[in-house]
Amino acid sequence: MKKVEAIIRPERLSAVREVLDKNGFPGMSATEIKGRGRQKGVSLQWRAGDYKVEFLPKVKLEVVVEDGDADRIVDLICDAAHTGEAGDGKIFVYPVVDVVRVRTKERGSGAV
Ligand SMILES: Nc1ncnc2c1ncn2[C@@H]1O[C@H](COP(=O)(O)OP(=O)(O)O)[C@@H](O)[C@H]1O
Ligand SMILES: [Mg+2]
């Protein structure tokens, strides 16, 4: 199994959720976070001079899937989160050692 962790624009969350749901991936976790990438936040022109925003609001979306589904999920997220502008986000993929469904103690990919 893999955990696909996508840092995306908050305004793209519902589009990403919808496309994952439609493609058979209903389970996911979303967290509001603050982040910065290569642009180190943004510089804004303010009336009183330059104003630097060091962190921007982002959403961290976590989806655990079977190994064979990871590439497809990454593709779906990229397409749904894409605007073409800096700050579209980043996706990290991690190996997952185990999953346990608390209600039944089911383990492994059957519990995803
Ligand atoms: N090296 C990194 N490690 C962890 N999170 C990162 C890293 N780079 C970017 N992020 C996260 O991804 C978000 C979007 O990054 P983005 O600006 O699109 O990337 P970049 O400017 O590096 O192309 C950031 O706000 C931050 O939350
Ligand atoms: Mg950036």
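Thirteen residues make up the surroundings of ligand 1 in this predicted model, and Gly35, Arg38, Gln39, Gly89 and Lys90 come nearest; a residue counts as near if one of its heavy atoms lies within 4 Å. By class, this shell holds three nonpolar, five polar and five charged residues, with Asp, Glu, Lys and Arg counted as charged and Gly among the polar ones. Strands β2 (29-35) and β6 (90-95) each give the shell at least two residues; strands here are DSSP runs (E, at least two residues), numbered from the N terminus.

Let's look at some backbone contacts of the ligand. A polar contact is a pair of N or O atoms within 3.5 Å.

| Residue (polar backbone atom) | Distance to an oxygen atom of ligand 1 |
|---|---|
| Gly35 | 3.4 Å |
| Arg38 | 2.8 Å |
| Gly89 | 2.8 Å |

Taken alone, ligand 1 exposes 540 Å², and the protein buries 69% of that (Shrake-Rupley method, 1.4 Å probe).

Now for the salt bridges. Side chains of opposite charge can pair when their charged atoms come close. The whole structure has seven salt bridges, each a side-chain nitrogen of Lys or Arg within 4 Å of a carboxyl oxygen of Asp or Glu. One of them joins Lys3 and Glu62 at 2.9 Å, N to O. This pair links distant parts of the chain, 59 residues apart: Lys3 belongs to strand β1 (residues 2-8) and Glu62 to strand β5 (residues 56-65).

Residues are numbered from 1 along each chain as its sequence is written, while chains are lettered from A and ligands numbered from 1 in the order written. In this predicted model, local features need pLDDT of at least 70 and side-chain atom pairs 80 or more, while totals for chains, interfaces and linings use all residues; side-chain values use heavy atoms, leaving out hydrogens and water.

Definitions and conventions
Polar contact = N/O pair within 3.5 Å; in protein donor to acceptor, adjacent residues only side chain to side chain. Helix = DSSP H or I, 4+ residues; strand = E, 2+ residues; numbered from the N terminus.
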